[in-house]
Amino acid sequence: MELVIEGLSKQYGKHWALREVSLRLGPGLVGLVGPNGAGKTTLMRILATLLDGTAGRVSWNGLDTRTQGERVRQTLGYLPQEFGLYPEFTARQFLRYMAAMKGLPDPLARPRVDAILEMVGLTRDADRKLGGYSGGMKQRVGIGQALLNDPELLIVDEPTAGLDPEERIRFRNLLSSLTADRLIILSTHIISDVEAAATRLVLLKEGRVLRDVAPSALLAAAAGQVWTVTTDSATATGLQARYRASALANTPGGVQVRLVSPTRPHEAAQPADPSLEDAYLLAMAA
């Protein structure tokens, strides 16, 4: 099981959304992270066979995604950033409809839909209309439709955008449970979405791969470059202007600022253990 991306570029007019992206990805959860506009959605749409690159090649288990897209889609599941639902359908009706669209025969589709509803935690609400679902429940329906064909390659684009913290955690846990014998590519600009489960991080910046690294290696690279300092509000504001701040909190002793910097940013700054978000900020500043 391998996804191979070779020299992939995508141009829109004079703008290059992707430039010479090359990766080899195997089973596990890969976090594709980067700021908005980094090219993540363009890359995901190409991998999902919805868009052709301007240059380069993508293959899945030896199949060229441009020329053999139909065969690739048989083992592919995709949850786009914006996913349309029919509010008058129930979850069960919608998933059965999507199963028919994917060509699953009804005798196979019905038990598969029931199994999916159980997997995504919607069995109790399966016969409620989707118009009454919360944002997180709708996202679970979305991942459910992507899993109908039991895909080996699952592509999920910004799945937690707009979700409350509880739903975000629930969705992350669901994705983590799906990683056995599957390649999941999760695109996000929220580092906590991939912190617990990702086996690999691909940092994208201005359409290029900045880093392709294990989370532990990214953390190790940030050692000795994270600091906390508690000071007055004026000094805290000045520090934020000069350094990258990953957190700020008001405390009884003043304003506590968490800063990422290769050198001590203030005489009162104390070293701190880096988080993955700290390490990401440092890498993106390179």
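Let me start with Trp60, which, leaving out residues up to four places away in sequence, touches Met1, Glu2, Leu3, Thr65, Val72, Thr75, Glu152, Leu153 and Leu183. Please keep in mind throughout that what we have on the screen is a predicted model. Trp60 belongs to strand β4, which covers residues 55-60, and with a relative accessible area of 2% Trp60 is buried, because the cut-off for that class is under 20%. From Trp60 to Val4 the distance in space is 6.5 Å, taken C-alpha to C-alpha, although the two are 56 residues apart in sequence.

Just after Trp60 in the numbering comes Asn61, and there the backbone deserves a look, since phi of Asn61 is near 50 degrees, a positive value in a residue other than glycine. Asn61 sits in the loop between β4 and β5, the latter being residues 63-64, and at 38% relative accessibility Asn61 counts as partly exposed. A second residue of this kind is Glu20, which is not a glycine either and whose phi is likewise positive, near 50 degrees. Glu20, however, lies in a strand, namely β2, residues 15-25, and with 59% relative accessibility Glu20 counts as exposed.

Let me step back to the chain as a whole. There are ten helices and 14 strands in the chain, and the C-alpha trace spans about 70 × 45 × 35 Å along its principal axes. Of the 286 residues, 47% are buried, and the accessible surface of the chain comes to about 13600 Å², with 49% of that belonging to carbon and sulfur atoms. If we take the contacts between residues at least 6 apart in sequence, 67% of them join residues that are at least 24 apart.

Now to the aromatic residues, where I would like to spend some time. How many aromatic pairs does the structure hold? There are five aromatic pairs in the structure. In one of them, Phe83 and Phe94, the ring centres are 6.0 Å apart and the planes stand at 80 degrees, and because an angle over 60 is classed as edge-to-face, that is the label this pair receives. Phe83 is in the loop between β6 (76-79) and α3 (91-101), whereas Phe94 is in helix α3 itself, so the pair ties together parts that are eleven residues apart in sequence. The two partners also differ in their cover: Phe83, at 23% relative accessibility, counts as partly exposed, while Phe94, at 1%, counts as buried.

Phe94 has a ring partner in Tyr86 as well, with the centres 6.1 Å apart and the planes at 55 degrees, so that this pair is tilted. Tyr86 is found in the loop between β6 and α3, and its 37% relative accessibility makes it partly exposed. Taken together, ring pairs link Phe83, Tyr86, Phe89, Phe94 and Tyr97 into a cluster.

Which residues make the nonpolar surface patch of about 310 Å²? The patch is made by Tyr86, Tyr97 and Met101, and I would point out that Tyr86 and Tyr97 are also named among the members of the ring cluster. Elsewhere, a ring is met by a charge, for the charged end of Lys10 sits over the ring of Tyr12, at 5.4 Å from its centre.

I will close with two helices. In helix α4, residues 106-119, we find Ala109, which is buried, with a relative accessible area of 3%. Once the neighbours within four places in sequence are left aside, Ala109 is in contact with Ala99 and Leu104. As for a distant partner, Ala109 and Tyr243 are 134 residues apart in sequence, and their C-alpha atoms are 55 Å apart in space.

The other helix is α10, residues 276-285, which is mostly covered, with eight of its ten residues buried. Which residues of α10 are buried? They are Leu276, Asp278, Ala279, Tyr280, Leu281, Leu282, Ala283 and Met284, a list in which an aspartate appears beside leucines, alanines, a tyrosine and a methionine.

Technical notes:
Residues are numbered from 1 along each chain as its sequence is written. This is a predicted model: local features need pLDDT of at least 70, side-chain atom pairs count only at pLDDT 80 or more; totals for chains, interfaces and linings use all residues. Side-chain values use heavy atoms; hydrogens and water are left out. Rings of Phe, Tyr and Trp (its six-membered ring) pair if their centres lie within 6.5 Å; planes under 30 degrees apart count as stacked, over 60 as edge-to-face and the rest as tilted. Helices (H or I, at least four residues) and strands (E, at least two) are DSSP runs, numbered from the N terminus. Buried means under 20% relative accessible area, exposed over 50%, partly exposed in between (1.4 Å probe, protein chains only). A charge sits over a ring if NZ of Lys or CZ of Arg is within 6 Å of the ring centre and within 35 degrees of the ring normal. Patches are made of residues with over 30% relative accessible area and no salt bridge: like charges are joined within 9 Å, nonpolar side chains (Val, Leu, Ile, Met, Phe, Trp, Tyr) within 5 Å. Accessible areas come from the Shrake-Rupley method with a 1.4 Å probe; for residues, only the protein chains shown count as cover. A salt bridge is a side-chain nitrogen of Lys or Arg within 4 Å of a carboxyl oxygen of Asp or Glu. Contact means heavy atoms within 4.5 Å.
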